[in-house]
Amino acid sequence: MSGVQITDKVYWIGKVDDREVPFHRLILKKGTTYNSYLLKTEKPTIVDTVDIIYGREYLENVSKIVNPADIQFIVINHVEPDHAGALPALAAKAPNAKIVCTEEAVSLLKDMFKLHQREFITVKDGDTLDIGGKTLRFLKTPFLHTEETMMTYEPEDGILFSCDVFSTHIASHEVFNDLAKINYIEKFNGYYTTIMAPHRPYIRKMLEKIKDLKVNVIGPSHGYILRDNAQKFISMYDEMSNIGEMGKEKKVVIIYSTMTGNTTKIADRIAKGMEDLGITPQVFNMKNADKDEVKNSIHECDGLLAGSSTKYADTVGEVEAFLKSLEGETFKGKFAAAFGSYGWSGEAVIHVEEQLEQLGFDIINQRYLIKVLGIDTPLFPLRIRFLREEELDRAEDSGRVFAEQVLTH
Ligand code: FEO
């Protein structure tokens, strides 16, 4: 297939990959598609490319419907190689094309593909671009599912080029959802669960951003182009990402020991972050807490945060002894993370995290954040030096991220 017409001047020029495709530590047994789009306007424009391994075939197909030298813009919504992979091959044959992407994507593309000499157009949220007969509007959608991602909206036809969002991993030669020969809804939902659900708060922001757009067609980066009842798929994302009053049913406990009061302030800000998601944690300063009450609360909770400030490279107060008293009990299936203030090296937080791990909690730490959420900000274990305001903002972020994991598992 070299091109499939979507509307008057808009074409699908993607690749159906029906191999077993390794992807995000999954094997896509039924393959996938890499959806690329051509808007054959007065200033021909391409939105996203295909996987790096299909670069040559892709260029041959593009050349059948447009002279690459005429291409004026190449929009890159997302830099992962399944969509930006054929960019260097395309850019080499399209020397007049400017590359359009977010600021966060520019340096990634330049470094990945040695495109330092190319002209880039860096777009901000809501920016528009006249492509000669049609307009493109860019919507930043960070962390859907990486930081630099955006969507591109074409209002004349009401097409939302939605990047990985609203995708389905399926090698669909039929291209459009109304031509599907199988029931693909389960796969559409499965994609949401595996790729998008960890980024649920960003899904909510994206839905808010697109709620007033006229969307007739969703052109995602994988799977069917959703031209039959596009709004249904937006509503499905709304339903799947809506946690409603779920926060009231979840229980989180925060325990801590503090030397000067700084760790108390961190605990308060973590709690504030959780309250944004509807969870009101039980907070115990272990200096004067009833230990039996704390123990009962931990057994009933969905998540535990344990904190200590550091003194002489060690924990302070009673947190460590209390956690030791829990040895032999079962905490599997409950999330836990460590936090605390420090002045020099902050070892107490590490000691606390090790205890939580030994007790069998599911630990949220940097390894978890990177592996599951793609977050490289050091939110957990949360070590805050003295008490700078911007650091306390990080404590609120930590609270929100912890609450999010409790709510969605
Ligand atoms: Fe389909 Fe995030 O790449």
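Colleague: What lies within 2.9 Å of the backbone nitrogen of aspartate 292 at the start of H9, and what makes this a polar contact?

Modeller: A side-chain oxygen of aspartate 290 reaches to within 2.9 Å of that nitrogen, and a polar contact is a pair of N or O atoms within 3.5 Å, in which, within protein, one must be able to donate a hydrogen and the other to accept it, while residues adjacent in sequence count only if both atoms are side-chain atoms. The value of 2.9 Å therefore satisfies the limit of 3.5 Å. Please keep in mind that this is a predicted model, in which local features need pLDDT of at least 70 and side-chain atom pairs count only at pLDDT 80 or more, whereas totals for chains, interfaces and linings use all residues. Residues are numbered from 1 along each chain as its sequence is written, and side-chain values use heavy atoms, with hydrogens and water left out.

Colleague: Why are the buried residues of H9 said to line one face of the helix?

Modeller: Helix H9 covers residues 291-300, and Val294, Ser297 and Ile298 are buried in it; helices (H or I, at least four residues) and strands (E, at least two) are DSSP runs, numbered from the N terminus. Viewed down the axis of H9, the buried residues fall within an arc of 100°, so they line one face, the arc being that of the directions from the helix axis to the C-beta atoms. An α-helix has 3.6 residues a turn, so residues three or four places apart point the same way. On the other side of H9, Asp292 and Glu300 are exposed, where exposed means over 50% relative accessible area, buried means under 20% and partly exposed is in between (1.4 Å probe, protein chains only).

Colleague: What covers the buried residues of H9?

Modeller: The cover includes strand E17 (252-257), strand E18 (282-285), strand E19 (303-308) and helix H10 (319-325).

Colleague: How do you know that methionine 274 is buried, and which residues does methionine 274 touch?

Modeller: Methionine 274, in helix H8 (residues 262-275), has a relative accessible area of 0%, and therefore counts as buried. If residues up to four places away in sequence are not counted, methionine 274 touches Val252, Ile279, Pro281, Leu305, Gly399, Arg400, Phe402 and Ala403, contact meaning heavy atoms within 4.5 Å. Methionine 274 and glutamate 396 are 122 residues apart in sequence, yet their C-alpha atoms are 7.6 Å apart in space.

Colleague: How do you know that cysteine 101 is in no disulfide?

Modeller: A disulfide is a pair of cysteine sulfur atoms within 2.5 Å, and the structure holds zero of them. For cysteine 101, the nearest cysteine sulfur is that of cysteine 163, 12 Å away, so the pair does not meet the limit. Cysteine 101 is buried, with a relative accessible area of 0%, and cysteine 301 counts as buried at 2%.

Colleague: What makes cysteine 163 and aspartate 48 unusual in phi?

Modeller: Most residues other than glycine have a negative phi, and most peptide bonds are trans. Cysteine 163, in strand E15, has a positive phi of about 65° although it is not a glycine, and the residue is buried at 1% relative accessible area. Aspartate 48 also has a positive phi, of about 65°; aspartate 48 lies in the loop between strand E8 (45-47) and helix H1 (55-65) and is buried at 2%.

Colleague: Which residues does a cis peptide bond join, with omega of about 5° or about -5°?

Modeller: With omega of about 5°, such a bond joins leucine 144 and histidine 145, and with omega of about -5°, another joins phenylalanine 380 and proline 381.

Colleague: How many residues does the largest nonpolar core have?

Modeller: The largest nonpolar core has 63 residues, and those with the most contacts inside it are Leu109, Phe166, Met206, Ile210 and Tyr237. A nonpolar core is a set of buried Ala, Val, Leu, Ile, Met, Phe, Trp, Tyr and Cys residues joined through side-chain atoms within 4.5 Å. Apart from the largest core lies another, of 31 residues, among them Ile364, Phe380, Val401 and Leu407.

Colleague: Where are the bounds of domain 1 and domain 2?

Modeller: Domain 1 runs over 4-241 and domain 2 over 246-408, with bounds that come from an automatic or database domain assignment. The C-alpha centres of the two domains lie 39 Å apart, and the contact takes five residues from domain 1 and six residues from domain 2.
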